Amino acid sequence: MITRQRLAAGACALLATLAAGIALPPDAVADEPSGTAAPKVNLLLDVSGSMRARDIDGQSRMAAAKQAFNEVLDATPEEVELGIRTLGANYRGDDRKTGCKDTEQLYPVGPLDRTEAKTAVATLSPTGWTPIGPALLKAADDLEGGEGSRRIVLISDGEDTCAPLDPCEVAREIAAKGIGLTIDTLGLVPNTKLRQQLSCIAEATGGTYTSVEHTDELTDKVNQLVDRAADPVVTPVAVEGADACAKAPEVKSGLYTDREEFGQHRWYRVDLPAGSELRASVSVAADRQVDRDYGVSLRAVTTNGREIVRGETTGTGRTDVMSAGLRYPKAESDDSDDSGSASEVVCLQVANSFSAASGVKTTPGLPLELTIDIVDGPDASSDVASFGLGRGWWLLGALVLTGFLAGVLWGWVSRWRVAVWRTN
């Protein structure tokens, strides 16, 4: 028993040392934005007939939206270029073809004149159809050009009435362009079908969906999204992976975006200098309904096909983002490199095992985001993967010694207590 106690004390000391003494690796760094381009936000407001309903804090949905817009316009940061587009604001008739074209830019995206924008919002009156899909296409066109962040904030209280132009498919097409446009959606009615549609639109572009039932919630959320557009962002670079390493594009440190078909493999090449370390991660989003049981893998292999290291993850039954990552350090001198080159070409393979659910379109491919970081290689005193403790070695020795002495002392006290008990 005394031996077990001593071993337990030593193990506790070792675990404490590992928690305190291991030096964590530095954070990976991606390409930073220049910060010179103005962020753009297009507020897309549903002005269909259902916005007359009086179920938000005793007033109509339209009145609540107008109040929220006025407060948002007052709080919009000076550096943000903001526009307002409507859907269903003009046509009152029953012709579906005409109603599905009813979208207009109420206030152009650009430097904000608060008085002019408020005057435009005041003229709105609930009118017609709900052409969400066509309005999203036009709202994306309003934001073309420039390099700053771009965001659409869609506020609606009902489902799209212009099928078969599916708003979710429209959002995927917008995301597939690789222009870095995010769509956030806000639902004014706690309706299951509306939530599913607006959630799908947001997920397709990396945005968020929120259900709001009060005016202050609507104001706070829109303000938050507008402010978020002004935050510095890293804009991913569009790249098209190949079906083989030999034809793969070369990628350097940075953030990249691509599209990957269901069950497809995509290849990329990295030139890794000697004495440096490759840190790579990939995220693949299941932006539509998929079958259960799926996974994503990221492999690093040599040009002749030998696997170096891999990272993989699996999931089941959820529409979500799957991520995998890996690390590969290249030593200063690598005897296995026959070419004697000071650098090594590493091939990265991204694969997924998603499969589309019945009736779900497989195009465009699933959105893929690849992060590459090439940093100085680890040494014996800083690499966690090499079990390096750096200057923590002295602490390890001190704690191990303390644990050993504590175990000896506890064993002596235990033996003394047993001896006293036997004597008595």
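Which element gives the most to the lining of the largest pocket? In this predicted model, strand S8 holds that place, with four residues in the lining.

**Overall composition**

The protein contains nine helices and 15 strands. Of its 424 residues, 44% are buried. Among contacts with a separation of 6 or more, 76% link residues that lie 24 or more positions apart. The exposed surface of the protein comes to about 21300 Å², and carbon and sulfur atoms supply 53% of that area.

**The largest pocket**

The largest pocket holds about 980 Å³ of space. Its lining consists of 42 residues, and those nearest the centre are Thr182, Thr205, Gly206, Pro236 and Glu369. Several elements give two or more residues to this lining, including strand S4 (150–156), strand S5 (181–187), helix H7 (192–204) and helix H8 (215–230). Helix H6 (167–176), strand S8 (254–260), S10 and S15 also belong to that group. By residue class, the lining divides into 18 nonpolar, 13 polar and eleven charged residues.

**Strand S10 and its partners**

Strand S10 (residues 276–285), one of the elements that line the pocket, is largely enclosed by the rest of the structure, because eight of its ten residues are buried. Here a residue is taken as buried when its relative accessible area is under 20%. S10 pairs with strand S15 and with strand S13, as the table sets out.

| Partner of S10 | Residues of partner | Bridges | Sense | Residues that stand opposite |
|---|---|---|---|---|
| Strand S15 | 366–376 | nine bridges | antiparallel | Val284 and Leu368 |
| Strand S13 | 321–329 | nine bridges | antiparallel | Glu277 and Pro329 |

S15, like S10, gives two or more residues to the lining of the largest pocket.

**Helix H6**

Is helix H6 largely enclosed or largely open? Seven of the ten residues of H6 are buried, so this helix is largely enclosed by the rest of the structure. The buried residues are Pro167, Cys168, Glu169, Val170, Ala171, Arg172 and Ile174. Two of the names in this list, Glu169 and Arg172, belong to residues that count as charged, and both are buried in H6.

Which elements are included in what covers the buried residues of H6? The cover includes helix H5 (132–142), S5, H7 and S8. Of these, S5, H7 and S8 also give two or more residues to the lining of the largest pocket, as does H6 itself. S8 thus appears both in the cover of H6 and as the element that gives the most to the pocket lining.

Note on methods
Residues are numbered from 1 along each chain as its sequence is written. This is a predicted model: local features need pLDDT of at least 70, side-chain atom pairs count only at pLDDT 80 or more; totals for chains, interfaces and linings use all residues. Side-chain values use heavy atoms; hydrogens and water are left out. Buried means under 20% relative accessible area, exposed over 50%, partly exposed in between (1.4 Å probe, protein chains only). Two strands pair if DSSP finds at least two bridges between them. Contact means heavy atoms within 4.5 Å. Accessible areas come from the Shrake-Rupley method with a 1.4 Å probe; for residues, only the protein chains shown count as cover. On a 1 Å grid over the protein atoms alone, a cavity is a set of points where a 1.4 Å probe fits but cannot get out, and a pocket is an open set with protein on both sides within 12 Å along at least five of seven lines; lining residues have an atom within 4 Å of a point. Grid points are joined across faces, edges and corners, and a volume is the space filled by probe spheres set on the points.
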